[in-house]
Amino acid sequence: MHKHDFTGKNSNFPLISRMIAPCVRHYCPDIRIMSLLTILEFPDPRLRKKAARVKSVDDALRETLDDMVETMYDAEGIGLAATQVDVHKRMLVIDITEDNSNPQIFINPEITVLDPEPLGHEEGCLSVPGYYELVSRPRKVKINALNGNGEAFEQEAEGILAVCIQHEVDHLDGKLFVDYISALKRQRIKSKLEKEHRQHKTAASA
Ligand SMILES: [Zn+2]
């Protein structure tokens, strides 16, 4: 999800100001150079793949998760699912803080709705850049997942975190926030993004 999503007038949550990404990040204490991953954009068919459960949490997986956190911060997002970087494993990263101080990892996340009362939020997505639409989701959920060490944990979430987790888990099932809006609006966004992608391609090959 995009960091700017919650600045909208439809948000019931405090305004999160637009942030400028810090030039230097110290998320990972070791010396491994992290890579920025390419974020797939709607309507790329790879965003529709259903991710497989993670069988073992090892160093290679943790490296991918580190790269996902870095990629999310670089793109000024508050959440990124593995599907969005063409890794089809059930894992996602989230950091809803303004100063990128609390990266959270969810592996094999399972959501249980605790309060189904719908909460409307203006959502956006790093895979649907530049578009924001009102989406209603259950206001309170519980998440069971594994952390980066492969340990099981349980967490309750409401507000921004609940919206973000539901949005990211949708990605793992090949679902996008634009699936919740009208077919007409979705088609309009699709056409505009396809046009942008064509222009970028032309510019890149010029
Ligand atoms: Zn998204």
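Is Lys-190 buried, partly exposed or exposed? In this predicted model, Lys-190 is partly exposed, with a relative accessible area of 26%. The legends below place this residue and others in their surroundings.

**Figure 1. Overview of the chain in the predicted model.** The secondary structure comprises three helices and five strands. Followed along the sequence, these elements occur in the pattern α-β-β-β-β-β-α-α. The chain has 206 residues, of which 47% are buried. Among contacts between residues at least 6 apart in sequence, 70% join residues at least 24 apart. The accessible surface of the chain amounts to about 10500 Å², and carbon and sulfur atoms account for 52% of that area.

**Figure 2. Close-up of the zinc ion and its donors.** Three residues coordinate the zinc ion: Cys-125 through SG, His-167 through NE2 and His-171 through NE2. The coordinating distances run from 2.1 to 2.2 Å. Along the chain, the donors follow the spacing C-x41-H-x3-H. Cys-125 belongs to strand 3 (residues 104-125) and His-167 to helix 2 (residues 159-172), so this pair ties together parts that lie 42 residues apart in sequence. Cys-125 is buried, its relative accessible area being 2%. His-167 is likewise buried, with a relative accessible area of 2%.

**Figure 3. Close-up of Cys-164 and the cysteine sulfur nearest to it.** The structure contains zero disulfides. Cys-164 takes part in no disulfide, and the nearest cysteine sulfur, which belongs to Cys-125, is 10.0 Å away. A disulfide is a covalent bond between the sulfur atoms of two cysteines. Cys-164 has a relative accessibility of 0% and therefore counts as buried.

**Figure 4. Close-up of the salt bridge between Asp-173 and Lys-50.** Twelve salt bridges are present in the structure, and one of them joins the side chains of Asp-173 and Lys-50 at 2.9 Å, N to O. Asp-173 is located in the loop between helix 2 and helix 3 (183-205), whereas Lys-50 is located in the segment before helix 1 (59-74); the pair therefore ties together parts that are 123 residues apart in sequence. Asp-173 is partly exposed, at a relative accessible area of 34%. Lys-50 counts as exposed, at 59% relative accessibility. Side chains of opposite charge can pair when their charged atoms come close.

**Figure 5. Close-up of the salt bridge between Lys-140 and Glu-156.** The side chains of these residues meet at 3.6 Å, N to O. Lys-140 is part of strand 4 (residues 128-146) and Glu-156 is part of strand 5 (residues 152-158), so the salt bridge ties together parts that are 16 residues apart in sequence. Lys-140 is partly exposed, with a relative accessible area of 25%.

**Figure 6. Close-up of the salt bridge between Glu-194 and Lys-190 in helix 3.** The side chains of Glu-194 and Lys-190 meet at 3.6 Å, N to O. Both residues lie in helix 3, where four residues, or about one turn of the helix, separate them. Glu-194 is partly exposed, with a relative accessible area of 27%. Lys-190, the subject of the opening question, is also partly exposed, at 26%.

**Figure 7. Close-up of a network of salt bridges.** Three residues, Asp-44, Arg-46 and Asp-86, are linked in this network.

**Figure 8. Close-up of the largest nonpolar core.** This core has 19 residues, and those touching the most other members are Leu-92, Ile-94, Phe-106, Ile-143, Ala-157 and Ile-165. At least two residues of the core come from each of strand 2 (91-94), strand 4 and helix 2. Helix 2 supplies the largest share, eight residues. In soluble globular proteins, nonpolar side chains tend to be buried together.

**Figure 9. Close-up of the surroundings of Leu-92.** When residues up to four places away in sequence are not counted, Leu-92 touches Met-68, Leu-80, Ala-81, Gln-104, Ile-105, Phe-106, Pro-109, Glu-168, Val-169 and Leu-172. A second, separate core has 18 residues, among them Ile-39, Val-57, Leu-80 and Leu-126. Leu-80 thus appears both in the list of residues touched by Leu-92 and in the second core.

Methods: Residues are numbered from 1 along each chain as its sequence is written. This is a predicted model: local features need pLDDT of at least 70, side-chain atom pairs count only at pLDDT 80 or more; totals for chains, interfaces and linings use all residues. Side-chain values use heavy atoms; hydrogens and water are left out. Donors are N, O and S atoms within 2.8 Å of the metal (3.2 Å for Na, K and Ca); water is not among the atoms, so sites may look incomplete. Buried means under 20% relative accessible area, exposed over 50%, partly exposed in between (1.4 Å probe, protein chains only). A disulfide is a pair of cysteine sulfur atoms within 2.5 Å. Contact means heavy atoms within 4.5 Å. Accessible areas come from the Shrake-Rupley method with a 1.4 Å probe; for residues, only the protein chains shown count as cover. A salt bridge is a side-chain nitrogen of Lys or Arg within 4 Å of a carboxyl oxygen of Asp or Glu. A nonpolar core is a set of buried Ala, Val, Leu, Ile, Met, Phe, Trp, Tyr and Cys residues joined through side-chain atoms within 4.5 Å.
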